[in-house]
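Here is a short briefing to read alongside the model. Take a look at the structure first, and then we can walk through it together.

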Amino acid sequence: MAFPEHFTWGAAAASYQIEGAWNEDGRKPSVWDVFSETPGKVSCGDTGRTACDHYHRYKEDVSLMKQMGINAYRFSTAWPRILPDGTGAVNPKGLDFYSRLTDELLEAGITPWITLYHWDLPQELALRGGWLNPDIGNWFAGYTEAVVKCLGDRVTHWITFNEPQCFLGLGYGDGSHAPGYILPEAEIIRCVHNSLIAHGKAADVLRAAGGDRFRIGYVSTMQSAVPAEETEECIAAARVALFCAKPEVPILWNITMVADPLYLGEYPSDLLERLEKGLPAGWENDMALISRPLDFFGINIYQGKRFRVHTDGLPELAPPKTGEAHTANLWGFEPEILRWGPRFLYERYKKPVVVTENGMAAADWVHRDGKVHDPDRIDYLARCLSGLEKAVTEDKIQAEGYFCWSLLDNFEWSFGYRDRFGLVYVDYGTQERILKDSALWYGEVARTNGASLSKT
């Protein structure tokens with residue numbers, strides 16, 4: 001059997017992208033409510049006010065998961081639904097929604113994986129400085145405590161944060177995500193450090209509540225480095241390219257910027273001079289808290305870059321081929337990303353890897369037979385998963401799970417509803433759901449623990 005016996009096969013989603021019910025049952029606005037209501041910020045003026053109406057249709061959505069045959073669902077809890085002001089009084093109706101969702105999943109034989117923060121910061125906290133405010137570590141710990149107190153008796157898999165590259169790099173760096181700030185790099189570094197402290201405090205809360213019974217991780221994202229050819233020289237070049245400092249890119253797009261503090265207990269030495277202009281005095285004393293032991297390395301991978309060896313012996317980008325393939329939203333098509341990305345991460349950080357997001361946008365529509373045929377997505381997923389299988393069988397990495405992005409077509413942040421990543425098609429006017437061909441195909445992969453990939 002290529003994949004481990006208890007390998008996790010899941011699908012993922014996030015609160016603001018699917019829930020809707022933006023002002024119901026005590027929920028108050030998040031930064032994304034405010035951002036998406038601002039003209040010109042989101043494609044077509046789309047918002048998450050209704051999204052997929054998952055808040056009211058969660059039972060139907062869990063039924064679809066069960067029909068598919070996946071064994072896990074990664075979802076996020078919404079901070080402004082649980083603590084509407086960010087701190088203070090807990091909203092019981094908000095917690096009750098996630099309690100009911102958890103029970104529905106467990107009854108269906110689906111393991112819940114909770115992400116505590118998937119970008120929907122309460123607007124009230126944004127007005128108090130958001131991630132720039134060093135008090136946010138305590139705010140986040142309080143929120144974590146409220147969630148785990150309610151759900152910790154049934155949920156054992158926890159993720160503190162999803163993709164700081166986006167909620168900080170895009171939210172505070174280039175302004176394309178909420179809250180839409182464009183700040184100097186030193187301020188972004190300050191935000192990163194505050195978020196890492198918040199992670200450490202949340203990890204302490206989780207560990208105190210669940211001990212070794214809990215599996216705790218963190219999710220980052222990256223473009224995987226892929227060897228242009230499968231030679232030792234190109235493999236080595238790709239590995240160096242992935243982890244070395246890249247002065248030409250925004251600082252958070254160096255994967256080591258967050259991963260090294262979390263898993264190695266130190267900021268990367270080749271970025272330190274750049275980092276010190278934004279780190280607070282005495283930052284070294286925070287590293288023990290930041291690097292609390294974690295159980296897995298969560299990574300979201302959608303794209304990659306191909307590297308070869310330059311004549312000077314250093315890595316260089318392989319030149320693009322004319323007419324290279326791309327997905328519907330013009331992202332690159334490099335299906336070897338799950339062969340090499342997880343391998344390189346496992347080699348460096350020595351933690352089991354969980355691919356917490358992978359998938360592609362396709363030009364999906366309902367065909368004349370009433371079905372949604374997406375052979376391009378099936379081919380992409382099959383290639384990616386075959387790469388992950390090679391990383392497990394040939395490279396001997398430890399991989400524990402894979403989550404397809406996304407369960408449903410949904411609100412894709414600044415792109416609104418333009419891009420469809422879902423295994424399930426959503427008609428946003430009627431809220432009708434249709435299992436795409438890829439959903440049925442992926443369900444068979446999950447039921448056979450990957451054995452059906454050889455038939456694709």
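Helices and strands here are DSSP runs, with at least four residues for a helix (H or I) and at least two for a strand (E), numbered from the N terminus. On that basis, the protein chain has 17 helices and eleven strands. Please keep in mind that this is a predicted model.

**Overall shape**
- The protein chain has a radius of gyration of 21 Å, which agrees with the value near 23 Å for a compact globule of 456 residues.
- Along the principal axes, its C-alpha atoms fill a box of roughly 65 × 60 × 45 Å.
- Of the 456 residues, 59% are buried.
- Among contacts with a separation of 6 or more, 77% join residues 24 or more positions apart.

**Two packed helices**
- Two packed helices are described by the angle between their axes and the distance between the axes.
- Helix α5 (residues 92-107) packs with helix α7 (residues 136-151) at an angle of about 40°, and their axes are 10 Å apart.
- Angles from 35 up to 65 degrees fall in the oblique class, and α5 and α7 are therefore oblique to each other.
- Their crossing is right-handed.
- On the α5 side, the contact is made by Leu95, Tyr98, Ser99 and Thr102, while α7 brings Ala146, Val147, Cys150 and Leu151.
- Six of these contact residues are nonpolar, two are polar and none is charged.

**Threonine 356**
- Threonine 356 lies in strand β8, which spans residues 353-357.
- Its relative accessibility is 0%, so threonine 356 counts as buried.
- Leaving aside residues up to four places away in sequence, threonine 356 touches Ala12, Arg74, Ile159, Val219, Gly298, Ile299, Asn300 and Phe403.

Methods
Residues numbered from 1 in each chain as written. Predicted model: local features only at pLDDT ≥ 70, side-chain atom pairs only at ≥ 80, totals over all residues. Heavy atoms only, no water. Buried < 20%, exposed > 50% of the residue type's maximum accessible area, 1.4 Å probe, protein only. Contact = heavy atoms within 4.5 Å. Axes fitted to C-alpha atoms, helices over the stretch in contact; angles between N-to-C directions. Parallel < 35°, antiparallel > 145°, perpendicular 65-115°, else oblique. Left-handed = near helix turned anticlockwise from the far one by under 90°. Nonpolar A, V, L, I, M, F, W, Y, C, P; charged D, E, K, R; others polar. Rg over C-alpha atoms; globule rule 2.2 N^0.38 Å.
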